[in-house]
Amino acid sequence: RPLADVSKDLALTELQEDQMAEAINASQKNCFGVITTPRNDGTNLLDDIVLAMQDPEHAEEKMKAAFMQIFTAKLPGSDETYLAKLLQEKQVLEEGFKKILTEDQMKKYTRLGQDPLEIQTGYDPYGEYLGERLGKK
């Protein structure tokens with residue numbers, strides 16, 4: 001959902017919208033860093049997804065397996081799963097929203113049920129990465 005829509009729903013000031021965009025973009029960058037953390041072999045989870053997308057016969061099956069790693073695989077160099085780290089980042093972002101929004105706006109935001117990591121600001125490191133990788137083949 002675009003930030004502009006969320007902004008209208010919450011009646012954000014221009015400053016608040018800018019602060020929200022900055023917080024969301026920083027969080028997206030952190031999440032992207034989690035998903036692209038290099039493993040011992042130099043590859044990363046997002047590379048697995050790219051490879052799965054390129055398999056003409058088994059793309060769906062391989063993509064499911066790659067996405068399941070988010071839930072089950074440990075982040076390289078950590079005892080945490082990818083999902084646990086992403087959920088921590090989501091919590092940090094929501095805490096950041098509490099510093100930007102008024103109490104009333106935060107209540108409205110909570111009622112929206114909006115996943116903060118799915119608010120679109122125009123910054124899309126995943127799309128850029130996938131475009132680069134898929135464009136090379």
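This passage describes the nonpolar core, two buried residues and one helix face of a predicted model.

The largest nonpolar core holds 30 residues. Within this core, Phe 97 and Leu 101 touch the most other members. Seven helices each give two or more residues to the core: α1, α2 (14–35), α3 (45–53), α4 (59–72), α5 (82–100), α6 and α7 (125–135). The largest share comes from α2, with seven residues. In soluble globular proteins, nonpolar side chains tend to be buried together.

The contacts of Phe 97 were examined next. Residues up to four places away in sequence are not counted here. Phe 97 then touches Met 20, Ala 23 and Ile 24. Further along the chain, Phe 97 touches Met 106, Tyr 109, Pro 116 and Ile 119.

Ile 119 also appears among the contacts of Val 6. Val 6 is found in helix α1, which spans residues 3–10. The relative accessible area of Val 6 is 0%. Val 6 is therefore buried, as the cut-off for burial is under 20%. Neighbours within four places in sequence aside, Val 6 is in contact with Arg 1, Gln 114 and Ile 119. Leu 75 lies 69 residues from Val 6 along the chain. The C-alpha atoms of this pair are separated by 32 Å.

A polar side chain is considered next. Gln 105 is placed in helix α6, residues 103–112. Its relative accessibility is 7%, so Gln 105 counts as buried. Two backbone oxygens lie by the polar atoms of the Gln 105 side chain. The backbone oxygen of Leu 10 is 3.2 Å from a polar atom of this side chain. For the backbone oxygen of Ala 11, the corresponding distance is 3.3 Å. With neighbours within four places in sequence left aside, Gln 105 is in contact with Leu 10, Ala 11, Leu 12 and Gln 16. Of these contacts, Leu 10 belongs to the residue range of α1, and Gln 16 to that of α2.

The last element is helix α7. The buried residues of α7 are Pro 125, Tyr 129 and Leu 130. Viewed down the helix axis, these buried residues fall within an arc of 125 degrees, so they line one face of α7. The cover over the buried residues of α7 includes α2 and α3. Both of these helices, like α7 itself, are among the elements that give two or more residues to the largest nonpolar core.

Key
Residues are numbered from 1 along each chain as its sequence is written. This is a predicted model: local features need pLDDT of at least 70, side-chain atom pairs count only at pLDDT 80 or more; totals for chains, interfaces and linings use all residues. Side-chain values use heavy atoms; hydrogens and water are left out. Helices (H or I, at least four residues) and strands (E, at least two) are DSSP runs, numbered from the N terminus. Buried means under 20% relative accessible area, exposed over 50%, partly exposed in between (1.4 Å probe, protein chains only). Contact means heavy atoms within 4.5 Å. A polar contact is a pair of N or O atoms within 3.5 Å; within protein, one must be able to donate a hydrogen and the other to accept it, and residues adjacent in sequence count only if both atoms are side-chain atoms. A nonpolar core is a set of buried Ala, Val, Leu, Ile, Met, Phe, Trp, Tyr and Cys residues joined through side-chain atoms within 4.5 Å. The arc is that of the directions from the helix axis to the C-beta atoms.
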